[in-house]
Amino acid sequence: MGSIEESTMFEEKSSFGNLSILTKVDKLRELIGTKVALPQLVVVGDQSSGKSSVLEGLTHFGFPRDAELCTRYATQITCRREKEDSINVSIIPHNDASSSEQARIKKFHHSLKAITPENLAQLFTEANEAMGIKSSTKTTSPNGTALPAFSEHILKIEKLGPEEDHFTVIDVPGIFRKETEGITTEADIELVRNMVKNYMKDRRTIILAIMPSNVDPATQEILKLAKEADPSMTRTMAVLTKPDLAIERVMQQIAIDHVIGRRGDLLLGYYIVKNRGPDDAHKTLRQGQADEKKFFSQAPWSSLRNTERAGMEALKKRVRELLVELIKKEFPKLKADVARELSALRSELNKMGPSRAHQHTQRAYLNKISEAFQALVRDSLNAYYTGNKIFDDRHDLRLITRIVEVNEIYSDTMLTNGHTRPFSSDSIPEEKSIAEVRTAVVNADRTHMIPSPDDGTYPELEEILDDSLEEIEEISAEGDIMDYIAGVYRDSRGQDLGTFGGALVSTMFKEQSKKWRYITLDYVKRVIWTVHHFIVEAIKETCPDKRVRDELWNGYLLEELQDAYRQAINHMMLLLEIEQEGPPLTLNHYFNEALQRAQSGRLVAAIRELGAERAFSVTEGNKTHVEKGVFLNDAQMNNLSFNMANSEHVQEYMHDILKSYYKVSRKRFVDVVCQQVVNFRLLQGKCSPLKIFNTEMVLDLTEEQLDAIAAEDIPVKRRREKLGQDIANFQEALKVLKGSA
Ligand code: GDP
Ligand code: MG
């Protein structure tokens with residue numbers, strides 16, 4: 001055949017009929033066939049009903065005669081017009097198969113130039129092996145377990161050549177009802193039935209139900225299944241086979257009645273074909289077709305002559321028409337489906353963010369996360385809770401609000417519980433037990449879903465935050481403060497009369513403030529806990545990729561966080577040491593005022609005690625009124641000055657100094673701890689744990705560190721590649737559907 005002739009013929013056939021629309025569907029099948037249901041033709045029926053034979057008649061692709069092999073999985077046969085003859089065989093992996101299995105199966109690929117029974121048989125054996133099912137040479141896997149008989153992968157056969165029509169048919173394993181010892185099991189029966197049902201269910205599928213003519217179609221299970229899948233029976237066509245085996249006159253008539261439409265309820269009706277039987281193994285397809293023609297020209301079948309429903313040619317013509325009609329009808333809907341799927345794929349890819357194969361994309365990726373994290377930190381510290389939706393239902397992440405609560409509890413506890421012994425004439429609220437204070441804090445946390453330090457949520461904090469509750473309870477000393485002061489005074493009295501050494505104040509202050517350490521430590525730990533919880537949750541929120549998060553956390557953040565927490569505790573210890581160990585010092589005038597007030601209070605009290613209450617008339621201008629007052633006579637006056645000079649007075653003075661200083665010191669200490677340890681060290685300062693994960697940290701990472709943290713792991717990489725490929729395919733498919741490709 002010359003090349004000019006060849007191309008003319010090619011052109012001629014291309015312009016024939018509705019070739020182009022079938023070509024389009026073939027292209028779509030290539031691109032998105034496993035993702036979107038496309039108009040297709042499936043051949044279903046009982047085992048040995050003649051499915052493969054019908055398929056061969058439609059596509060001219062002959063399965064090896066030893067055909068038991070090809071009924072173990074669905075086979076998709078696609079014919080396509082190409083200048084060169086060839087047959088390509090590959091496997092379309094089932095969507096549910098693991099990615100490694102999919103990859104392995106995709107490797108299966110064979111191209112044949114010439115088809116011989118031998119190389120086909122060889123090919124099918126290899127295909128069985130690739131699918132991991134029983135083959136003629138292999139029935140068990142390397143570890144000894146029996147291989148399955150059926151597979152849900154699809155064997156794809158592409159038949160290309162200058163004579164081919166565009167056409168795709170799927171051959172599905174035949175349904176059967178009895179297991180065969182050593183070959184098929186009960187479970188296989190169900191598996192195949194489900195597979196068949198699955199292939200029939202899509203409304204874009206034309207069902208060719210194959211039934212032998214020597215049984216009454218009314219009794220055929222396959223028609224029942226088809227009716228389930230296609231209740232209106234508008235896309236089911238029945239094909240009767242083996243008319244040559246329907247020898248009885250009655251059976252013949254039943255078949256004829258179906259074909260001419262006198263029986264049965266199929267809109268698309270019944271067709272009848274005669275294929276080569278087991279005895280015709282030596283005959284070619286062409287010879288078989290000649291036999292068929294002859295067969296239908298004889299009585300009683302010759303009565304079907306005008307129905308155009310007898311013979312493979314008629315069937316093929318009708319099936320083609322049907323397919324084209326269906327495709328035309330489905331195209332708009334198909335376009336919409338493909339467009340929708342395309343946008344779903346794109347948004348999934350978007351969600352994954354940019355690919356992280358290179359250093360700069362990795363850094364950009366981490367940077368974006370760190371910026372999102374810092375934004376969350378900023379909002380949570382500024383109480384800008386409208387800044388991010390997450391604050392709506394995550395009140396545990398409203399950090400500054402939670403800290404303010406803890407601060408208040410601390411300040412109150414220092415007021416009520418900070419001193420070892422209550423001062424005399426003090427109006428401080430009653431002391432609460434430490435357990436009570438703790439419970440209050442824990443309850444506050446619970447309402448905000450902050451986990452309790454006791455439930456082991458953050459083991460990484462345990463060594464930093466070891467518990468100190470017991471120690472606090474041990475040191476709640478009782479006794480009257482004046483008794484205590486008297487004791488101190490007696491033990492350290494020197495020769496100086498009516499005065500005392502400054503060191504005594506220091507000693508007394510240390511004793512009076514010894515609970516500060518535990519209360520404050522408890523407070524700082526509580527803040528650390530709250531901050532840590534925030535960081536953990538904020539990173540979860542801003543870095544959704546668990547692998548990256550774990551790597552970042554364990555490799556970099558955790559150690560630095562622990563360090564920051566330790567620094568905060570050390571800082572607090574330093575402040576405590578300064579406050580307790582150094583000489584009492586204050587420039588706060590409040591101290592003097594308080595002392596004066598206490599002293600003059602005592603004087604007034606002494607006067608009241610000694611003197612007598614009297615009423616005086618006071619005349620101002622021409623008005624006279626009565627005032628009350630205390631009157632001291634000379635003797636009482638002497639008594640007063642004697643009273644002020646004794647040791648009791650010195651002790652009272654000691655008390656007043658201690659009380660005034662303690663109050664100033666407590667307020668100062670609470671403020672300084674809040675300001676320096678909590679606010680600076682743990683929240684706002686540049687060494688705050690909240691500031692560790694920032695842009696600078698990301699910039700400082702070395703290439704290796706970056707790769708360890710931010711490189712995509714293999715499944716993510718694969719997923720991304722797959723999505724990219726799918727998107728490209730769907731885009732191309734959309735072009736095909738719009739007629740621009
Ligand atoms: P499948 O199991 O449904 O795929 O059926 P096959 O197409 O493999 O056919 C099963 C057997 O029936 C084969 O031996 C075929 O040669 C034979 N067969 C199929 N169609 C006809 C037919 O029209 N007449 C006769 N006599 N035998 C047929
Ligand atoms: Mg078959």
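In the predicted model, a polar side-chain atom of Lys51 is placed 2.7 Å from an oxygen atom of ligand 1. The neighbouring positions in the sequence also take part: Ser52 brings a polar side-chain atom to 2.9 Å from a ligand oxygen atom, and Gly50 contributes a backbone N or O atom at 3.0 Å from an oxygen atom of ligand 1. Taken alone, ligand 1 exposes 570 Å², of which the protein buries 86%. The surroundings of the ligand comprise 16 residues, and those that come nearest are Ser48, Lys51, Ser53, Asp244 and Asn275. Classified by residue type, this shell contains eight polar, six charged and two nonpolar residues.

Helix α19 covers residues 546–581. Its 36 residues should span 52 Å at 1.5 Å a residue, and the end C-alpha atoms lie 48 Å apart, so the separation agrees with the expected span. The helix nevertheless bends by about 50° at Leu557. At the start of α19, Asp545 directs a side-chain oxygen to within 3.0 Å of the backbone nitrogen of Arg547.

A β-hairpin is formed by strands β10 and β11, with two residues between the strands. Strand β10 comprises residues 612–620 and β11 residues 623–631; the two run antiparallel and are joined by nine bridges. Glu620 stands opposite Lys623 of β11. Within this hairpin, Gly621 adopts a positive phi near 65°.

How values were computed. Residues are numbered from 1 along each chain as its sequence is written. Chains are lettered from A and ligands numbered from 1 in the order in which they are written. This is a predicted model: local features need pLDDT of at least 70, side-chain atom pairs count only at pLDDT 80 or more; totals for chains, interfaces and linings use all residues. Side-chain values use heavy atoms; hydrogens and water are left out. A residue is near a molecule or strand if one of its heavy atoms lies within 4 Å of it. A polar contact is a pair of N or O atoms within 3.5 Å; within protein, one must be able to donate a hydrogen and the other to accept it, and residues adjacent in sequence count only if both atoms are side-chain atoms. Accessible areas come from the Shrake-Rupley method with a 1.4 Å probe; for residues, only the protein chains shown count as cover. Ala, Val, Leu, Ile, Met, Phe, Trp, Tyr, Cys and Pro count as nonpolar, Asp, Glu, Lys and Arg as charged, and the others, Gly among them, as polar. Two strands pair if DSSP finds at least two bridges between them. Helices (H or I, at least four residues) and strands (E, at least two) are DSSP runs, numbered from the N terminus. The expected span of a helix is 1.5 Å times one less than its number of residues. The bend at a residue is the angle between axes fitted to the seven residues ending there and the seven starting there.
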